[in-house]
Amino acid sequence: MQSVGFRNVREGDRVTGFQLRLRMPSYRGMAASLIDGVAVRVGNLVDVPADVPLWTFGGRTYTLQELWDSDGVRWQLDEAAVVTVPFEGGLPQGVHEVSIELRLRMSYIPEEHQPSVYRVTKHVTLAPDGGGEPFKYGVSLYSFMTDYGTVLDLETSLRAVADVGATGVEILGEGHIENYPEPSTQWIDSWFALLEKYSLEPTNYGSWIDTRLHSRGPNARPMTAQEGADKLQSDLRLASRLGFRYVRPKIGVVSSDLIPDPIWTESVERSLDLAAELDVVICPEIHSPTPIKHPVVDDYIGLIERTGTKHFGLLIDTGIFQDRPIPLREGETRETRPPFLDGIGVDPADFKDIVQYVVFIQAKFHDIDDNLEDQQIPWRPVLKALKESGYTGYLSSEYEGERDPWRSIEHVRRQHSLIRTIADSLG
């Protein structure tokens, strides 16, 4: 049972039921006429027998009887079946405990032992059905780290982004672009085709200025400002080529509170003309343990004020608002890990002092429970402060919790459900 695809379905203005996606649990694909049905239970709301749900393969929907009578319809091993359960009014928003009992008939197993029954129970978040104004919603593919390249590829990642109703997608240049920094024309064509297929727009492009690039060995030396500018400008050009509006340079730091290497100023200023030519905004990240009221932020704002540029701004990572600790991981102690992982608890009200310089927000989070309660980030005061300050741009999910397979997809769904619900309640 997949998280992707769990949604209410409509016929005109009516919500008539809900859908979920099932992967073939056997080791082979098989004729759809061998399906003996699927019983579905959703908490105390829905409990339907195996002959009720409808099945969709290849864009065509069938009753169970129609599958039994069919020839040539197959449930392929690599194709998820879409199961539709009629349920007038649909399911309420939130996390649901969904149980299925899937029945398949195997011809090579004696009849008295058939059907083969597969039972699964899973907590799944219903895809948000719009809402969440005044903000726009996106997802960073960083959220799927460790899933990406193993259980997800570029297309399945973008499909998961679109499935929560997001319209924007962030990538990491060095993490998601094939043959970075020189992708093939074929890859670029595929990138734009996927954006069109899933109705997504590129938002923020993550890049790096590795100031310690040559910090070891007898020829060790510091990075020069021109080298930093060259690296930044290379990413500006590539980001623009891929349709991105914002570029976040992760600049090497010289202190534990993330003061950037002194070359940052000259490297950025040498790149402002190109950023203006490409109409791309350079936006370094304000990330824990750096609070809003800090010399780093003052220096970034100082550059904007001094140059009058419209192509440099601030990117806020909502991890700065974390006010409860992230659970200790195996082998960690409070003494052996960075203190900021307990949260630096920036007052969301501080946001209003810098909102005029903020161009993008990465909605960092770690863990949201089955009751849609975030265990580290106080979303209601954060979203209230953003709205009252007049911010209407992107909230782009950046999941940084446990990296068990598929967990990131489910938690991104939870976050979108949670923050859209809160945003709608702010009035």
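**Entry 1. The loop of Pro289**

I looked up Pro289 and found it in the loop between strand E17 (285-286) and helix H8 (295-307). I note at the outset that the model is predicted. The peptide bond that joins Ser288 and Pro289 is cis, with omega at about 15°.

**Entry 2. The loop between H3 and H4**

I then turned to Pro181, whose place is in the loop between helix H3 (173-176) and helix H4 (185-197). Here Tyr180 and Pro181 are joined by a cis peptide bond, and I record an omega of about 5°. I looked up Asn179 as well, since the loop between H3 and H4 also holds Asn179. Its phi is near 60°, a positive value in a residue other than glycine. As background, I recall that most residues other than glycine have a negative phi, and most peptide bonds are trans. Is Asn179 buried or exposed? The relative accessible area of Asn179 is 56%, and exposed means over 50%, so I enter Asn179 as exposed.

**Entry 3. Leu372**

I found a positive phi at Leu372 too, near 60° and again in a residue other than glycine. Leu372 sits in the loop between E19 and H9. Is Leu372 buried or exposed? Its relative accessibility is 15%, and the cut-off for buried is under 20%, so I enter Leu372 as buried.

**Entry 4. Strand E19 and its partners**

From that loop I went back to strand E19 (residues 358-365). Seven of its eight residues are buried, so I describe E19 as largely enclosed by the rest of the structure. Which strands pair with E19? Strand E18 (residues 314-317) pairs with E19 in the parallel sense, over four bridges. Within this pairing I noted Ile316, which has Ile361 in E19 as its bridge partner. Strand E20 (residues 394-399) also runs parallel to E19, and five bridges join the two. There I noted Phe365, whose bridge partner in E20 is Tyr399. I followed the chain from E19 to E20 and saw that it crosses through helix H9 (residues 379-389); this β-α-β crossover is right-handed.

**Entry 5. Strand E14 and its partners**

Next I examined strand E14 (residues 201-209). It is mostly covered, with seven of its nine residues buried. Strand E13 (residues 168-172) runs parallel to E14, and four bridges join them. In this pair I found Val169 opposite Pro202 of E14. E14 also pairs in the parallel sense with strand E15 (residues 246-251), over six bridges. Ser207 has Pro249 in E15 as its bridge partner. I recorded E14, H5 and E15 together as a right-handed β-α-β unit.

**Entry 6. Lys231 on helix H5**

Helix H5 (residues 225-241) contains Lys231, which I looked up next. I enter Lys231 as partly exposed, at a relative accessible area of 23%. How far apart in space are Lys231 and Asp210? From C-alpha to C-alpha the distance is 8.9 Å, while 21 residues separate Lys231 and Asp210 in sequence.

**Entry 7. An open antiparallel sheet**

I then traced a sheet of five strands. The sheet is open, its order is E1-E2-E9-E6-E7, and the pairing is antiparallel. Which strands stand at the edges? They are strand E1 (7-11) and strand E7 (60-62); each has a single partner strand, so one side of each is left without a neighbour in the sheet. From one strand to the next, I note an average twist of 35°. At the E7 edge, strand E6 (residues 54-57) runs antiparallel to E7, and three bridges join them. I located Phe57 there, opposite Arg60 in E7. As a general reminder, I add that in a regular strand the side chains alternate between the two faces of the sheet.

**Entry 8. The largest pocket**

Last, I looked up the largest pocket, which holds about 380 Å³ of space. Its lining has 17 residues, and I list those closest to the centre as Gln2, Arg21, Arg23, Arg159 and Trp406. Which element gives the most to this lining? I found that it is helix H2 (residues 154-163), with three residues. By kind, I divided the lining into eight nonpolar, three polar and six charged residues.

Conventions. Residues numbered from 1 in each chain as written. Predicted model: local features only at pLDDT ≥ 70, side-chain atom pairs only at ≥ 80, totals over all residues. Heavy atoms only, no water. 1 Å grid on protein atoms, 1.4 Å probe; cavity = no way out; pocket = protein on both sides within 12 Å on 5 of 7 lines; lining within 4 Å. Points joined across faces, edges and corners; volume = space filled by probe spheres on them. Nonpolar A, V, L, I, M, F, W, Y, C, P; charged D, E, K, R; others polar. Buried < 20%, exposed > 50% of the residue type's maximum accessible area, 1.4 Å probe, protein only. Pairing = 2+ DSSP bridges. Right-handed = clockwise from strand over helix to strand, strands pointing away. Axes fitted to C-alpha atoms, helices over the stretch in contact; angles between N-to-C directions.
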